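Visitor: Hey, I've got a structure open and I'm not sure where to start. Can you walk me through it?
Guide: Sure, pull it up and we'll go bit by bit.

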Amino acid sequence: MNSARLPAAGTRIQLERVFTQADFDLFARLSGDNNPIHVDPHFSATTRFGRTVAHGMLLYSALWSAIGTRFPMVRQIEQQLMFPAPTYAEDPMLLEIEVSGYPTADRCALSMRVRRAMDDVVTLEGTTVIELDEAGR
């Protein structure tokens, strides 16, 4: 992919995803993060959230997968993530990625957000910088 085929600054990628309790459970098994807030509905019902919530890195993994569909063969240089609200199982979520710009010829800055479709509450907000390899430029 040459630079003429790279998405312009301001280009947006958006997709909808519904995370399930099975997703939370599988991610817990794979990551080793078995915090009951993610995997135990009975425990979670007693917390301020009232339900199980997604692992933050599960959300970011879904974003990273979407980035990889548009920018194959890249390497992440940095990331900054915040999780201002919970993501619950079975809620339709909008995953959004926007090309912020190209700080150098071989790097692309992206802004990312996950928000609930029903009320627009942001549950993940962040940025990442990726390095484009020769094949990806």
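Visitor: Which residues line the largest pocket?
Guide: The lining is made of Arg12, Ile13, Gln14, Glu96, Ile97, Glu98, Ser111, Met112, Arg113 and Glu125. Keep in mind that this is a predicted model.

Visitor: What's the volume of that pocket?
Guide: The largest pocket comes to about 160 Å³.

Visitor: And which strands each supply at least two residues of the lining?
Guide: Those are E1, E3 and E4.

Visitor: Let's zoom out. How many helices and strands are there in the protein chain?
Guide: The protein chain has four helices and five strands. Reading from the N terminus, the order of elements is β-α-α-α-α-β-β-β-β.

Visitor: What does the C-alpha trace span?
Guide: Along its principal axes, the trace spans about 50 × 30 × 20 Å. The chain has 137 residues, and 39% of them count as buried.

Visitor: What about contacts between residues far along the chain?
Guide: Take the contacts with a separation of 6 or more: 65% of them are between residues 24 or more positions apart.

Visitor: OK, strands. In what order do they sit in the sheet?
Guide: The order is E1-E3-E4-E5-E2, in an open sheet of five strands with antiparallel pairing. At the edges you find strand E1 (12-18) and strand E2 (74-82), and each of these pairs on one side only. On average, neighbouring strands of this sheet are turned by 20° against each other, direction ignored.

Visitor: What holds strands together in general?
Guide: Strands of a sheet pair through backbone hydrogen bonds.

Visitor: Which helix lies across the strands?
Guide: That's helix H4 (residues 56-70), which lies across E1, E2, strand E3 (92-104), E4 and E5. Relative to E5, H4 runs at about 45°.

Visitor: Is E5 mostly enclosed or open?
Guide: E5 is largely enclosed by the rest of the structure, because eight of its eleven residues are buried.

Visitor: Who does E5 pair with?
Guide: E4 pairs with strand E5 (residues 122-132) in the antiparallel sense over nine bridges. E2 also pairs with E5, again antiparallel, over eight bridges.

Visitor: Can you give me some residues to click on?
Guide: Try Ser111, which stands opposite Thr127 in E5. Then look at Glu131 in E5: Arg107 stands opposite Glu131, and Glu131 is also the bridge partner of Arg75.

Visitor: How many residues sit between E4 and E5?
Guide: Five, and the two strands form a hairpin. In the turn, Asp120 has a positive phi of about 60°.

Visitor: I spotted Arg116. Where is that one?
Guide: Arg116 belongs to strand E4 (residues 107-116).

Visitor: Is Arg116 buried or exposed?
Guide: Buried: the relative accessible area of Arg116 is 9%, and the cut-off for buried is under 20%.

Visitor: So what's around Arg116?
Guide: Not counting neighbours within four places in sequence, Arg116 is in contact with Pro86, Tyr88, Asp91, Pro92, Met93, Val121 and Thr123. With Pro86 there's a polar detail too: the backbone oxygen of Pro86 lies 2.7 Å from a polar atom of the Arg116 side chain.

Visitor: Switching topic: what does Gln76 touch?
Guide: Gln76 sits in strand E2. Leaving out residues up to four places away in sequence, Gln76 touches Tyr60, Trp64, Thr128, Val129 and Ile130. The side chains of Gln76 and Thr128 make a polar contact (3.2 Å).

Visitor: How accessible is Gln76?
Guide: Gln76 is partly exposed, with a relative accessible area of 29%.

Visitor: How far apart are Gln76 and Gln14?
Guide: They are 62 residues apart in sequence and 20 Å apart in space, C-alpha to C-alpha. Gln14 is one of the residues lining the largest pocket.

Visitor: Last one: where is Thr47?
Guide: Thr47 is in the loop between helix H3 (41-44) and H4. Thr47 is partly exposed, with a relative accessible area of 22%.

Visitor: Does anything polar turn up there?
Guide: The backbone oxygen of Ser44 lies 2.7 Å from a polar atom of the Thr47 side chain. You can also find Ile37, ten residues from Thr47 in sequence and 8.1 Å from Thr47 in space, C-alpha to C-alpha.

Note on methods:
Residues numbered from 1 in each chain as written. Predicted model: local features only at pLDDT ≥ 70, side-chain atom pairs only at ≥ 80, totals over all residues. Heavy atoms only, no water. Buried < 20%, exposed > 50% of the residue type's maximum accessible area, 1.4 Å probe, protein only. Polar contact = N/O pair within 3.5 Å; in protein donor to acceptor, adjacent residues only side chain to side chain. Contact = heavy atoms within 4.5 Å. Pairing = 2+ DSSP bridges. Axes fitted to C-alpha atoms, helices over the stretch in contact; angles between N-to-C directions. 1 Å grid on protein atoms, 1.4 Å probe; cavity = no way out; pocket = protein on both sides within 12 Å on 5 of 7 lines; lining within 4 Å. Points joined across faces, edges and corners; volume = space filled by probe spheres on them.
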